[in-house]
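Colleague: Could you take me through one helix-to-helix packing in this model, and then through what lies beside it?

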Amino acid sequence: MSKTFRRRKTHPVHIGHVTIGGDNPVAVQSMTNTKTMDTEASVAQILSLAEAGADIVRLTAQTSDHARNLGTIREKVRQAGCEVPLVADIHFNPAAAFVAAENVEKVRINPGNFVDPGRTFVKLEFTDDEYAAELERLRQSFVPLLDLCRSRGVALRIGVNHGSLSDRIMSRYGDTPAGMVESAMEFLRVCMSENFTDVVISIKASNVVVMTETVRLLCDAMAAEGMDFPLHLGVTEAGDGEDGRIKSAVGIGSLLADGIGDTIRVSLSEAPENEIPVARRILRHIELLSKEEAQGVVDITEGRDAEPVPLVTGFENVPEGLSSIRVTYPADLTADEVQIAASIDLGSRLLERPYGSVEIVAPSLTAEECRKLALDILQATRRRISKTEYIACPGCGRTLFDLHTTLSRVKESTAQLKGLKIGVMGCIVNGPGEMADADYGYVGAGPGRVSIYRGKECVYKNIPTDEALPMLLKLIANDGRLPE
Ligand code: SF4
């Protein structure tokens with residue numbers, strides 16, 4: 001069974017020499033994890049990302065000084081002969097967005113905290129008049145940025161994240177797919193009324209099911225209002241290693257396979273250069289699926305009369321009425337390629353409906369590796385939970401600890417806690433909101449300091465780093481959630 005490939009129609013948006021949307025190839029993005037004030041390190045990482053194949057690179061700009069330094073960084077990158085367009089990532093600081101628009105090709109704002117100070121929970125009831133007044137306030141702050149971007153030929157990304165919505169949106173919609181979509185639409189309507197269309201839109205979540213559902217809802221909402229803005233796809237806080245790759249491939253690949261998406265970022269809690277080959281592998285598989293020859297590469301057996309599958313990873317006995325699904329890959333596909341291909345081929349179908357059994361056949365993997373990959377894809381699509389899930393940010397210039405080492409330590413100590421979701425987030429500014437539905441969180445609070453969360457509640461605040469992991473384990477134990 002193959003999918004029908006018809007790419008969602010979008011208008012082109014120019015970001016330096018790269019064009020996103022229209023009939024242009026899907027662009028691959030990444031983000032630096034250096035300090036933006038460290039010009040030398042940031043320039044070196046941008047060059048290294050461009051060398052690895054990134055089409056566009058984003059940097060965090062937490063203050064106007066950081067945004068200003070992007071100009072120096074950009075100049076040095078250009079002096080090195082590299083034309084890769086740069087994007088400023090702005091949260092909680094509209095003034096920095098204005099400075100950034102003078103210094104880079106694109107500015108990303110988060111509608112949840114551009115005008116609104118992030119969730120305060122102070123006011124959770126809004127009358128219709130108060131709601132309208134809030135929207136007018138948003139408009140007054142946002143239109144001058146659109147005017148500046150227009151005058152400088154700078155594009156915008158409106159980037160909504162699950163877990164960082166304004167009080168206004170929370171009051172009406174809660175932290176739901178509908179709320180995330182409305183959060184984007186509020187800003188897009190202002191863009192439309194100002195005739196500013198150099199906008200790319202993204203809606204990200206760490207939960208792949210939420211992410212794909214919300215992006216589809218957004219497409220419907222835009223179509224209903226006559227909008228065709230290009231889409232940036234990504235699964236936030238996907239973590240590292242195989243989990244990060246599988247979650248990203250399931251989320252991004254499922255949408256691309258349905259013709260949705262104009263630019264992508266695979267977020268990994270690793271060196272950002274590692275993100276690029278994964279993104280390219282996803283695009284290669286999508287390209288392959290769109291061709292006739294895909295029939296010979298991907299063999300999917302589904303339907304009630306499917307052959308019984310010898311390796312059953314979904315359930316031990318296929319329940320009445322559920323189908324089996326098997327994907328078969330040729331021997332010349334490497335293990336890394338099979339990981340991405342199966343994540344897309346199985347993941348896209350598992351997101352649509354449950355199956356009674358799942359099987360991967362691939363000569364480049366052992367039977368046990370095939371079974372484990374199938375279980376990981378089932379976990380990413382939340383069809384079967386078989387291990388602890390980690391929600392870890394990719395790190396950026398705000399990160400307060402060594403993310404990779406910390407995540408490894410947390411994983412080592414908690415891997416036995418099947419069914420729990422644990423967040424490991426590099427900073428307090430975005431971390432608590434964006435770890436979304438994690439049961440527990442380990443969040444950078446300051447240099448050498450960590451805060452430990454139970455859901456959204458900060459239980460241990462600002463504790464020294466070397467006490468943080470024992471305190472996290474103590475909290476989980478006190479909650480009775482350590483295995484007997
Ligand atoms: S949560 Fe992580 S990636 Fe997001 S802003 Fe903080 S340190 Fe950067």
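Modeller: The crossing of helices α6 and α7 is right-handed, the near helix being turned clockwise from the far one by less than a right angle; both names come from DSSP runs numbered from the N terminus (H or I, at least four residues, for helices; E, at least two, for strands). This is a predicted model, in which local features need pLDDT of at least 70 and side-chain atom pairs count only at pLDDT 80 or more, while totals for chains, interfaces and linings use all residues. Residues are numbered from 1 along each chain as its sequence is written.

Helix α6 covers residues 177–193 and α7 residues 208–224, and their axes come within 9 Å and cross at roughly 45 degrees. The pair is therefore oblique (neither under 35, over 145, nor 65 to 115 degrees). On the α6 side the contact (C-beta atoms, placed from the backbone, within 7 Å) involves Pro177, Ala178, Met180, Val181, Ala184 and Met185, which meet Val210, Glu213, Thr214, Leu217, Leu218 and Ala221 of α7. Sorted by class, the contact has 10 nonpolar residues, 1 polar and 1 charged.

Beside this pair there is a closed barrel of 8 strands, with parallel pairing (at least two DSSP bridges), in the order β3-β4-β5-β6-β7-β8-β9-β10. Helix α6 packs on that sheet, touching β7 (155–161) and β8 (199–204), and its direction makes about 160 degrees with that of β7. Further along the barrel, strand β9 (residues 231–233) runs parallel to β10 (residues 263–264), joined to it by 2 bridges, with Leu233 standing opposite Ile264 in β10.

Conventions:
Axes are lines fitted to C-alpha atoms, for helices over the stretch in contact, and angles run from 0 to 180 degrees between N-to-C directions. Two residues are in contact if their C-beta atoms, placed from the backbone, lie within 7 Å. Ala, Val, Leu, Ile, Met, Phe, Trp, Tyr, Cys and Pro count as nonpolar, Asp, Glu, Lys and Arg as charged, and the others, Gly among them, as polar.
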